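Reader: Hello! I am new to this structure and would love a close look at a single part of it. Could you take me through one strand and its surroundings?

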Amino acid sequence: MRYFLLVALLSSFPLLHGCSPTFNWRDVRTDQTPLIALFPCKPDQGVRVVSLGATDVTMTMLGCDAGDATFTLAYADMKNAANTGAALGLWKLATLGNMRARSPSELPFLIKGASVLPQSVQVEARGVRPDGTAVAVQAVWFAAGSLVFQAAVYADTVSPAVADTYFAGLRLQRSEEHTSELQS
């Protein structure tokens with residue numbers, strides 16, 4: 001009887017070990033925007049002024065590491081919706097240029113409630129980190145009104161399933177939901 005109990009306990013160990021979450025998915029609400037993001041870890045937040053073309057904007061950045069990947073979300077208010085398409089294009093070029101990306105592939109990206117712009121895209125690329133080591137990225141750029149957003153997953157190899165879960169978790173609230181939430 002002890003033997004069977006020991007075998008059952010040892011054989012269930014991989015199942016119990018598999019229950020320890022590498023990704024602890026949670027909704028994260030961004031300050032001052034209608035965006036809700038599904039992060040696999042609790043993100044840190046920072047703010048800095050950056051140039052997007054001829055415009056200096058205050059950019060808020062969130063990020064965390066889980067499962068050998070870095071998950072980021074950044075956003076800025078361009079103050080004028082007419083400037084968002086150009087800003088997204090410049091942002092994408094800067095991101096891919098900074099990592100010296102090679103042969104990026106690009107698809108349109110749209111979430112419900114986002115502005116329909118040709119610069120709203122999902123990109124997959126390989127490049128190098130600042131320390132010279134190889135890195136892969138899957139990233140999306142999109143806008144809502146005058147707000148521009150970038151969400152990205154950086155890793156040695158980006159799991160398509162994990163990136164798809166992260167990007168599918170990006171949701172824009174209707175403006176009345178966002179307004180009432182800010183007033184609460």
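Author: Happily; what follows is a walk along strand S9 and its partners, with a stop at the disulfide and a helix afterwards. Please keep in mind that this is a predicted model.

Let us start with S9, which covers residues 147-155. This strand is mostly covered, with 8 of its 9 residues buried. Strand S5 (residues 69-77) pairs with S9 in the antiparallel sense, over 9 bridges. To find that pairing by eye, look for Thr72, which stands opposite Ala152 in S9.

S9 also pairs with strand S8 (residues 134-144), again antiparallel and over 9 bridges. Here a good marker is Ala143, opposite Val148 in S9. S8 and S9 form a hairpin with 2 residues between the strands, and Gly145 has a positive phi there, near 65°.

Now for the disulfide: a search of the whole structure turns up 1. Cys41 and Cys64 are its two ends, with a S to S distance of 2.0 Å. The bond links distant parts of the chain, 23 residues apart: Cys41 lies in the loop between strands S2 and S3, and Cys64 in strand S4. The torsion about the S-S bond is about 75°, so this disulfide is right-handed. Both Cys41 and Cys64 are buried.

Last comes helix H2 (residues 84-98), whose 15 residues should span 21 Å at 1.5 Å a residue; the end C-alpha atoms are 21 Å apart, which agrees. Among the buried residues of H2 are Leu88, Trp91 and Leu96. Just after H2 comes Arg100, with a positive phi near 45°.

Note on methods:
Residues are numbered from 1 along each chain as its sequence is written. This is a predicted model: local features need pLDDT of at least 70, side-chain atom pairs count only at pLDDT 80 or more; totals for chains, interfaces and linings use all residues. Side-chain values use heavy atoms; hydrogens and water are left out. A disulfide is a pair of cysteine sulfur atoms within 2.5 Å. Helices (H or I, at least four residues) and strands (E, at least two) are DSSP runs, numbered from the N terminus. Buried means under 20% relative accessible area, exposed over 50%, partly exposed in between (1.4 Å probe, protein chains only). The expected span of a helix is 1.5 Å times one less than its number of residues. Two strands pair if DSSP finds at least two bridges between them.
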